[in-house]
Amino acid sequence: MVITVPATSANLGPGFDTLGLALNLRNEIEIKPSNITSIEIYGENAEYLRSLKRNFFVEIFSDIYKNLTGKEDKFSFKFNNKIPLSRGLGSSSAVIVAAITAAYEMAQVPYKKDKIINLALNYEPHPDNITPATLGGFCVAKLKKNRVYFLKKFIPTNLRAIVVIPNKPVSTAKSRNSLKSHYPLKDVVTNISSTAMITAAFFSEKFDILKYIVEDKIHQENRMKLMPELFRVREIALREGALMSTLSGSGSTFFNLAYKDDAYNIYSALKDNFKDFNVKILYFDNVGVKVYN
Ligand SMILES: Nc1ncnc2c1ncn2[C@@H]1O[C@H](COP(=O)(O)OP(=O)(O)O)[C@@H](O)[C@H]1O
Ligand SMILES: N[C@@H](CCOP(=O)(O)O)C(=O)O
């Protein structure tokens with residue numbers, strides 16, 4: 001069985017722990033029943049991942065598989081990773097969503113994607129990466145009493161993401177600890193109105209308005225101060241025609257949304273200015289986690 005899962009960009013600026021979308025940058029995992037457990041890791045951060053005593057995917061897969069079947073069967077795992085670690089592209093959510101899905105598939109227990117999203121929450125309590133990693137598209141998610149409620153919208157094919165991936169990792173858990181716990185009412189209002197406008201723009205496919213309404217007062221600026229070059233990434237992307245330009249998740253990646261005809265200009269301006277950063281044009285993903293038997 002092969003399972004693939006997309007990278008995700010969470011928050012979209014003001015939609016902290018609420019908005020996210022899926023990018024066509026996928027980790028691929030091949031799993032086969034075997035007499036012994038074996039793990040092969042290729043691609044992004046392979047050396048680092050090989051050096052770890054515990055494999056996050058295998059642990060989650062084994063727990064869920066055992067819960068479903070009562071058995072401790074052995075498998076061979078081959079990972080081909082494209083999502084860089086701790087860059088704000090949802091690498092941990094991708095692992096969680098793929099591992100849970102793989103366990104249900106291998107155990108041959110029927111499931112709905114809703115189930116995957118809600119189980120994934122036990123491993124990562126913010127649904128803005130988990131929901132688009134599972135479903136693809138642009139997702140709005142709300143956590144209430146330990147349950148995720150969500151809505152998804154397909155992202156049209158005339159849009160592209162231009163991502164700027166710095167070489168410095170940012171741990172999501174550490175970066176969350178540095179956020180303030182209280183905010184002035186006017187800042188909260190800024191985020192509520194901006195998040196609502198972004199949601200309406202995606203659902204009505206009226207993307208031009210994004211140029212004027214994306215504002216965050218909760219987390220972005222503080223997180224960007226850790227890497228001040230990101231302020232210039234945003235300035236250049238918006239100047240070259242991006243519809244919006246936001247920190248991706250907790251960073252360090254910057255996410256830029258553009259019409260496909262403007263994507264190359266934005267890409268080359270960013271590439272010229274940030275030679276040490278990895279700049280990519282990506283399609284959006286509207287499918288989410290996918291299984292090939
Ligand atoms: N492909 C992978 N295989 C195993 N563990 C992974 C993989 N990708 C991410 N992880 C785990 O998730 C952690 C990164 O999570 P996090 O800091 O939330 O970053 P991100 O913003 O990419 O989700 C890594 O340190 C590692 O423990
Ligand atoms: N809402 C979360 C999103 C974290 O995304 P990640 O891709 O950086 O893990 C946050 O802002 O902390």
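At roughly what angle do the axes of H3 and helix H5 (residues 127–135) cross? The answer is roughly 50 degrees, with the two axes coming within 9 Å. This is a predicted model, so please read every value below as computed from it. The briefing starts with the whole protein, moves on to the packing around H3, and ends with a few backbone details.

**Overall picture**

- The protein holds 11 helices and 11 strands.
- Its radius of gyration is 19 Å, close to the 19 Å that the globule rule gives for 293 residues, so the protein is as compact as a globular protein of that length.
- If you are planning a box, the C-alpha trace spans about 55 × 40 × 35 Å along its principal axes.
- Of the 293 residues, 44% count as buried.
- Among contacts with a separation of 6 or more, 75% are between residues 24 or more positions apart.

**H3 against H5**

- An angle of roughly 50 degrees makes H3 oblique to H5, because it lies outside the ranges for roughly parallel (under 35 degrees) and roughly perpendicular (65 to 115).
- The crossing of these two helices is right-handed.
- On the H3 side, the residues that take part are Ser 93, Ala 94, Ile 96 and Val 97, and they meet Asn 129, Ile 130, Ala 133 and Thr 134 of H5.
- Sorted by class, this contact has five nonpolar and three polar residues, and no charged ones.

**H3 against H4**

- Helix H3 (residues 91–107) also packs with helix H4 (residues 113–120): their axes come within 9 Å and cross at roughly 125 degrees.
- H3 is therefore oblique to H4.
- The handedness of the H3 and H4 crossing is right-handed.
- From H3, the contact involves Ser 93, Ile 96, Val 97, Ile 100 and Thr 101, while H4 supplies Ile 116, Leu 119 and Ala 120.
- By class, that gives six nonpolar residues, two polar ones and no charged ones.
- Ser 93, Ile 96 and Val 97 of H3 appear in the contact with H4 and also in the contact with H5.
- A general point helps in reading such lists: an α-helix has 3.6 residues a turn, so residues three or four places apart point the same way.

**The buried side of H4**

- Which residues of H4 are buried? They are Ile 116, Ile 117, Leu 119 and Ala 120.
- Ile 116, Leu 119 and Ala 120 are also listed in the contact with H3.
- The cover over the buried residues of H4 includes H3, H5 and strand E6 (147–153).

**Backbone details to check**

- A cis peptide bond joins Gly 251 and Ser 252, with omega at about 15 degrees.
- Ser 252 sits in the loop between strand E8 (244–247) and strand E9 (254–259).
- Asn 11 is not a glycine, yet it has a positive phi of about 80 degrees.
- You will find Asn 11 in the loop between strand E1 (2–10) and strand E2 (19–33).
- Is Asn 11 buried or exposed? Asn 11 is buried, because 28 other C-beta atoms lie within 10 Å and the cut-off is 20 or more.
- Asn 45, again not a glycine, has a positive phi of about 55 degrees.
- Its place is in the loop between strand E3 (38–43) and helix H1 (46–51).
- With 17 C-beta neighbours inside 10 Å, Asn 45 counts as partly exposed.

Notes: Residues numbered from 1 in each chain as written. Chains lettered and ligands numbered in written order. Predicted model: local features only at pLDDT ≥ 70, side-chain atom pairs only at ≥ 80, totals over all residues. Axes fitted to C-alpha atoms, helices over the stretch in contact; angles between N-to-C directions. Helix = DSSP H or I, 4+ residues; strand = E, 2+ residues; numbered from the N terminus. Parallel < 35°, antiparallel > 145°, perpendicular 65-115°, else oblique. Left-handed = near helix turned anticlockwise from the far one by under 90°. Contact = placed C-beta atoms within 7 Å. Nonpolar A, V, L, I, M, F, W, Y, C, P; charged D, E, K, R; others polar. Rg over C-alpha atoms; globule rule 2.2 N^0.38 Å. Buried ≥ 20, exposed ≤ 12 C-beta atoms within 10 Å, placed from the backbone.
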